[in-house]
Amino acid sequence: MVASSAESSISDYSIFASPGFDPNEYANSILAGDTYPPTKQKTGARNAEAGKEDISVALGKLSFGIEDVAQQLRQVVSTHHETLLAEASSVHQLETSLLSVRHGLGEINGSLEKLRLKIRIPYQNLNAHVNRLQRLQLASDVLRRTSRFVLVARRLEVQMAELEKASGVTNQSSIKVAPGTDTPIDAEIGPEGERDRTVAKAALSIAELTALSQADFPAEASQDDQQDAIIPKPIPLHSINAISSHLSAIDAARAKIISEMDIMMQNGLKELNRSQLASALQTAHNLRVLPQLVQDVLDEVIAYVEDRIRHAFDLAKLSKEAGAKESPATPSSLLYKSRVRTEPTNATAPQWATALWTRLEIMIEELASSCIQVYTLEKVLKLKKDSITKAPFLDEAMKVLESKPSSTFWMTTARMLETQTKDAAKSSPFFQQTLSNGYPRLLRLFHDFFSKVAVHTDTVYSQSQQSPETVLILRSTMTFESLYLSRSANRLNESVGTALSGGIRAPPSMPEGIAVARTVINELDSARFDPLLVRSVAKNVASALDMFVQRIDTIVVRDRTATTLIGPNVSAQLALNAQLVSALYNCWAKLNKLDAEYHSSVVSVINPSVESLKRAYEKIVDPLFMSIRRDLSSIIARLNRVDFGKDADPMAGAGGASSYMSELAEKLSFIRSEVFGRFSVGDLMKEWVVTTVKRVIRTFILHASIAKPLSETGKLQLTTDMTELEFALNAFMMEGGNKIKSDLIADDYRALRTFRPLLFLDNSSLALPERTGALPSLIVLHHILVRSPLPLPHALHGWKVDEYVRWVDEHSEAEGLTLVEGCIARWEKTAELDEDDDTAEEYVTLAKTVLERFKAS
């Protein structure tokens with residue numbers, strides 16, 4: 001019930017508890033008999049009816065409500081009176097605390113007032129004095145700058161008057177000094193003219209006037225001071241009457257000095273006059289515009305270079321120029337033309353090419369002139385220094401430049417050349433064909449460019465050294481170089497293809513090898529003037545020669561038929577290989593002479609391929625020479641089957657040469673005429689002949705020295721065989737009716753001649769060096785053993801004659817003598833057991849004498 005009554009009372013007073021309740025509106029609504037809507041919420045049926053009641057009823061309800069609220073308040077107070085009394089007691093205590101706090105705050109206010117009297121007021125007075133002092137300083141600074149400004153302005157007037165007076169006289173006192181000297185800076189640059197010095201002084205005056213008119217605060221102040229103190233702004237000098245009268249004259253003087261500076265800079269660059277350049281740079285430095293001046297000058301030069309390069313490769317202008325030259329000679333020039341020709345015809349191509357090369361020559365001259373100007377400017381910037389800091393002007397200019405002027409020139413020129421050459425090659429077949437075919441001529445133009453600028457720059461372009469700048473420029477024409485190298489490679493490959501076009505049925509021989517070598521030499525000779533181009537061509541040459549060797553290798557016959565020496569004619573396979581060897585040798589012989597004509601960097605590229613030619617033909621002829629040595633050795637080995645120990649038949653006449661010797665002579669004749677005759681190898685043939693002759697002589701002497709038993713008749717027969725061998729070798733050494741010089745086989749031939757009298761010497765003469773000095777010691781020992789009862793080394797070891805000869809051929813003479821010495825020692829041990837056998841003592845002594853002589857030598 002209590003809860004319901006509380007809820008009903010709350011609902012009765014809800015209108016009055018609304019935040020938007022207005023007593024006046026409520027009274028008006030009661031008087032008017034309307035419903036009062038304190039909120040947009042629904043208040044129930046009772047509230048709606050209450051708003052429509054009479055005034056008396058409403059007043060009664062209000063009086064009842066007031067009494068009800070008062071009764072409720074009394075009830076709440078009586079219920080919570082103890083709590084309210086405690087709160088009232090605490091409030092009394094709080095008032096006591098607040099009184100003590102108020103007393104403390106009063107004391108603090110008194111202290112603050114005392115501090116204000118001691119600090120703030122003196123501070124404000126001091127701040128006022130500081131502001132007054134700053135104003136005085138500012139006024140003093142203005143007066144100082146004004147006085148200095150007027151003084152410098154008058155000085156400038158005098159300087160400009162001197163300049164006007166000398167304006168009609170051309171300065172002839174500047175001296176051009178050749179670059180590269182080690183003289184001091186002033187002497188290096190040359191004496192400046194009086195007029196140039198006047199311009200520099202006037203520039204310094206103008207710079208000082210500008211600095212005076214743009215002076216900052218006389219004294220710097222912190223942010224806190226600036227917030228508390230009022231600092232006056234600097235007074236601009238142009239607002240002062242004494243200054244404003246000079247401003248127009250100063251502006252005119254500045255324009256005049258800048259004009260004079262530009263003229264000096266242009267004339268100095270045009271004439272390469274370092275004195276004028278130094279004056280112009282000094283003037284710019286005095287005006288505080290040196291970095292900007294250098295930047296502007298460099299931009300002008302770069303823009304001019306770019307324009308010249310663009311003009312040289314402009315096909316439209318070239319067509320107009322060529323058309324203008326052709327028009328007077330063309331009777332049909334007045335006829336209708338359907339379009340403007342941008343490519344030449346076959347008839348007009350020479351005129352177009354001439355015009356193009358003329359443009360390129362002019363471009364190169366202009367590039368050289370611009371390059372020299374840039375380097376001259378950079379050298380003057382290095383030589384001129386600030387009079388106070390001693391820092392070169394170049395350091396000051398580098399504050400706005402990305403790199404040194406020379407580096408900027410090279411990079412910009414290379415980039416522009418690369419862009420224009422690529423565009424020209426893509427857009428015009430005429431440019432592509434003309435400059436790729438004439439690329440050596442284009443390179444020669446750049447060589448002229450490098451030679452012209454080398455006097456004024458530190459660039460080098462030679463066979464042994466190339467500066468990075470020159471390489472950068474040449475790499476910009478890589479488009480035409482690639483086309484030229486491609487065509488050069490095609491010519492080399494065509495030459496190789498033509499040489500091998502016949503295949504195995506018509507293999508290449510000497511003419512084809514010479515043709516390939518000539519093509520290689522022509523390509524290298526066309527590019528030999530340029531170290532970079534000749535290296536690139538050398539790489540193409542190496543590739544072509546490698547292909548030449550590889551394709552020949554597929555034709556070579558390597559079976560036994562290519563090395564068969566059975567007559568009367570050589571096999572077709574051997575003849576085929578002979579032609580291939582002739583081609584390879586003659587190509588190698590021509591190219592092997594290039595070592596003395598080209599730089600080592602080029603030779604190192606082509607040498608491996610040239611040497612591969614030599615290895616290729618040696619690989620073909622080595623099996624053939626092995627077969628020749630084997631056949632000749634087998635024929636000479638038949639010497640040991642002949643019985644040289646039989647006595648002569650008194651009824652028989654004088655006999656001829658042995659059958660093996662006759663067969664050897666026939667084989668030598670066959671090899672010389674049929675086998676070697678198939679080869680066209682020039683001087684190499686002499687080497688082959690000499691090698692074969694030496695091999696035959698040494699093999700024959702070795703076999704003849706171990707022929708045992710050997711009677712007097714056998715000695716005569718050996719002498720006859722040696723005579724026949726000499727005739728055969730003389731015929732073998734004949735070439736075109738002339739005998740090959742015997743100096744190459746002098747030692748072996750002398751040994752053959754010495755072996756003949758050796759057969760008839762007495763035993764005591766066998767150890768005399770003057771009688772047997774031309775023969776190897778092993779041959780003399782063999783002959784001593786043949787005469788003695790001692791066994792020969794191969795007989796003692798149970799070897800066959802062929803096996804022993806092969807062993808001697810594969811080992812040195814010292815090893816052969818060691819073997820013989822071991823055999824003698826072995827025989828001596830055997831002879832000690834048989835004391836009666838002393839028949840060989842003489843021969844053992846002779847053998848030891850020969851061995852000791854060899855060891856002593």
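This tour moves through a predicted model, from its confidence values to selected residues, contacts and a pocket.

**Confidence**

Begin by colouring the chain by pLDDT. The mean for the protein is 80, and 84% of the residues reach 70 or more. Next, select residues 170-192, where the pLDDT is below 50. Beyond near neighbours in sequence, this stretch has 42 contacts in the model. Then select residues 217-229, another segment with pLDDT under 50; the model gives this segment 14 contacts beyond four places in sequence. Where pLDDT is low, predicted coordinates should not be read in detail.

**Cysteines**

Turn to the cysteines, including C587 and C823. The structure holds zero disulfides. C587 is buried, at 0% relative accessibility. C823 also counts as buried, with a relative accessible area of 5%.

**Helix α14 and the loop that follows**

Show the side chains of K382 and E378. The two form a salt bridge, with their closest N and O atoms 3.6 Å apart. Both residues belong to helix α14 (residues 349-383) and are four residues apart, so about one helical turn separates them. Their surroundings can be read from the accessibility values: K382 is partly exposed at 41%, whereas E378 is buried at 3%.

Now move to K390, in the loop between α14 and α15 (393-397). The phi angle of K390 is near 65°, a positive value in a residue other than glycine. K390 is exposed, with a relative accessibility of 56%. As background, most residues other than glycine have a negative phi.

**A second positive phi**

Select L272, located in the loop between α10 (241-271) and α11 (274-286). Here phi is again positive in a residue other than glycine, near 55°. L272 is partly exposed, with a relative accessible area of 28%.

**Salt bridges between helices**

The model has 20 salt bridges in total. Select R756 and E726 to view one of them; their closest N and O atoms lie 2.8 Å apart. This pair links distant parts of the chain, with R756 in helix α28 (residues 746-758) and E726 in helix α27 (residues 712-732), 30 residues apart. R756 is partly exposed, with a relative accessible area of 22%, while E726 is buried at 9%. Elsewhere, select D307, R308 and E366, which are joined into one network by salt bridges that share partners.

Continue to D809 and R695, another salt-bridged pair, in which the closest N and O atoms are 2.9 Å apart. D809 lies in helix α32 (residues 801-810) and R695 in helix α26 (residues 683-705), so the salt bridge ties together parts that are 114 residues apart in sequence. D809 is partly exposed, with 47% relative accessibility. R695 is likewise partly exposed, with a relative accessible area of 27%.

**The largest pocket**

Keep D809 and R695 selected and display the pocket surface around them. The largest pocket holds about 860 Å³ of space. There are 31 lining residues, and those closest to the centre of the pocket are R695, R698, T699, L702 and D809. The salt-bridge partners R695 and D809 are therefore both among the residues closest to the pocket centre.

Which helix supplies the largest share of the lining? Colour α26 to see this share: nine residues of the lining come from α26. Then add α24 (600-637), α28, α30 (777-787) and α32; each of these helices, like α26, supplies at least two lining residues.

**Loops beside α26 and α28**

From α26, follow the chain into the loop between α26 and α27, where P709 is found. A cis peptide bond joins K708 and P709, with omega at about 5°. Most peptide bonds, by contrast, are trans.

Finish at S765, in the loop between α28 and α29 (769-772). Is S765 buried or exposed? S765 is buried, with a relative accessible area of 9%. To display the contacts of S765 beyond its neighbours within four places in sequence, select R771 and T772.

Notes:
Residues are numbered from 1 along each chain as its sequence is written. Side-chain values use heavy atoms; hydrogens and water are left out. pLDDT is the predictor's confidence in each residue, from 0 to 100. Contact means heavy atoms within 4.5 Å. A disulfide is a pair of cysteine sulfur atoms within 2.5 Å. Buried means under 20% relative accessible area, exposed over 50%, partly exposed in between (1.4 Å probe, protein chains only). A salt bridge is a side-chain nitrogen of Lys or Arg within 4 Å of a carboxyl oxygen of Asp or Glu. On a 1 Å grid over the protein atoms alone, a cavity is a set of points where a 1.4 Å probe fits but cannot get out, and a pocket is an open set with protein on both sides within 12 Å along at least five of seven lines; lining residues have an atom within 4 Å of a point. Grid points are joined across faces, edges and corners, and a volume is the space filled by probe spheres set on the points.
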